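Grab a pencil and work through these short exercises. Each one starts with a task and then walks through a solution.

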Amino acid sequence: MPVEWQPVRQSRTHELVLQSIEERVFAGELKAGDRLPPERELAPVLGVSRSALREALRVLETIGVLVAQPGRGPDSGARIVRHPDDALGRLLRLHFALGSYSLHDVLEARVVLERSSFEAAARHAPAEELDEAERLLVRMGEPDVGVPEFNDLDTRFHVLIARSSGNELTSTLTSAVRESVRPLILRALEEVEDWPATAAALNAHHLELLRLVREGRGGEAADLVEQHIRGLHGTLVDENSGDPRD
């Protein structure tokens with residue numbers, strides 16, 4: 001059977017713009033905080049249309065390495081930033097929804113990341129960050145906290161412990177993985193029959209985790225956070241065991 005050859009597809013203009021900007025970042029010519037020249041100046045220098053330049057800038061904004069500030073003046077224009085958490089969380093959430101990863105995949109990733117986070121936090125966490133974590137738990141234990149706020153505070157607690165471990169990448173990945181299943185966890189919490197009892201049980205784990213971290217008992221904290229994650233999240237996996245993504 002003869003081979004059917006197809007025309008070679010040339011790179012789209014905005015992809016060439018992305019490549020040019022990436023090369024300057026890799027070379028150290030562009031760093032976080034730097035501003036790009038205005039579109040009217042940058043487009044002719046790169047030899048592209050302003051629409052192609054805008055498309056490239058939108059891609060960079062989506063992946064969390066650039067923020068565009070409209071208007072005029074010294075604070076306007078596009079600026080290189082480092083905000084990977086939201087971008088990775090959004091990307092992972094979409095791929096999870098599309099079936100790229102199963103609930104079981106996410107569960108096991110959370111276990112690995114958070115075991116590491118809590119064990120390291122027991123060695124490295126600054127006291128002020130643990131005080132902040134305690135304030136989150138105090139609010140979570142108040143009777144007027146609804147399910148959505150509890151879920152938000154829960155996420156912030158786990159991400160804060162990851163950040164306090166001293167490993168920025170672990171913190172970013174923990175945030176992204178937790179964000180990917182936030183809607184499912186929220187729905188599961190909303191469907192529990194006895195919300196006050198569920199909230200109290202979850203918070204008891206949180207308080208014990210924080211105590212173990214404060215006391216430097218990292219191994220015990222790692223074991224408990226795995227038990228904690230495999231509780232509610234593990235129930236979600238069991239309930240969705242017939243999901244084609246699993």
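A salt bridge here is a side-chain nitrogen of Lys or Arg within 4 Å of a carboxyl oxygen of Asp or Glu. This is a predicted model, where local features need pLDDT of at least 70, side-chain atom pairs count only at pLDDT 80 or more, and totals for chains, interfaces and linings use all residues. Residues are numbered from 1 along each chain as its sequence is written, and side-chain values use heavy atoms, with hydrogens and water left out.

**Exercise 1.** Count the salt bridges in the whole structure, then work out which parts glutamate 132 and arginine 163 tie together.

*Solution.*
- Step 1: searching the whole structure turns up 21 salt bridges.
- Step 2: in one of them, glutamate 132 pairs with arginine 163, with the closest N and O atoms 3.9 Å apart.
- Step 3: glutamate 132 sits in helix 6 and arginine 163 in helix 7, so the pair joins parts 31 residues apart in sequence. (Helices are DSSP runs of H or I, at least four residues, numbered from the N terminus.)

**Exercise 2.** Is aspartate 144 buried or exposed? Find its salt-bridge partner too.

*Solution.*
- Step 1: set the cut-offs for relative accessible area: buried is under 20%, exposed over 50%, partly exposed in between (1.4 Å probe, protein chains only).
- Step 2: aspartate 144 comes out at 54%, hence exposed.
- Step 3: its partner is arginine 139, with the closest N and O atoms 2.9 Å apart.
- Step 4: arginine 139 has 22%, which makes it partly exposed.

**Exercise 3.** Which residues are linked with Glu108 in a network of salt bridges?

*Solution.* Glu108 is networked with Arg115, Asp223, Glu226 and Arg230.

Notes
Helices (H or I, at least four residues) and strands (E, at least two) are DSSP runs, numbered from the N terminus.
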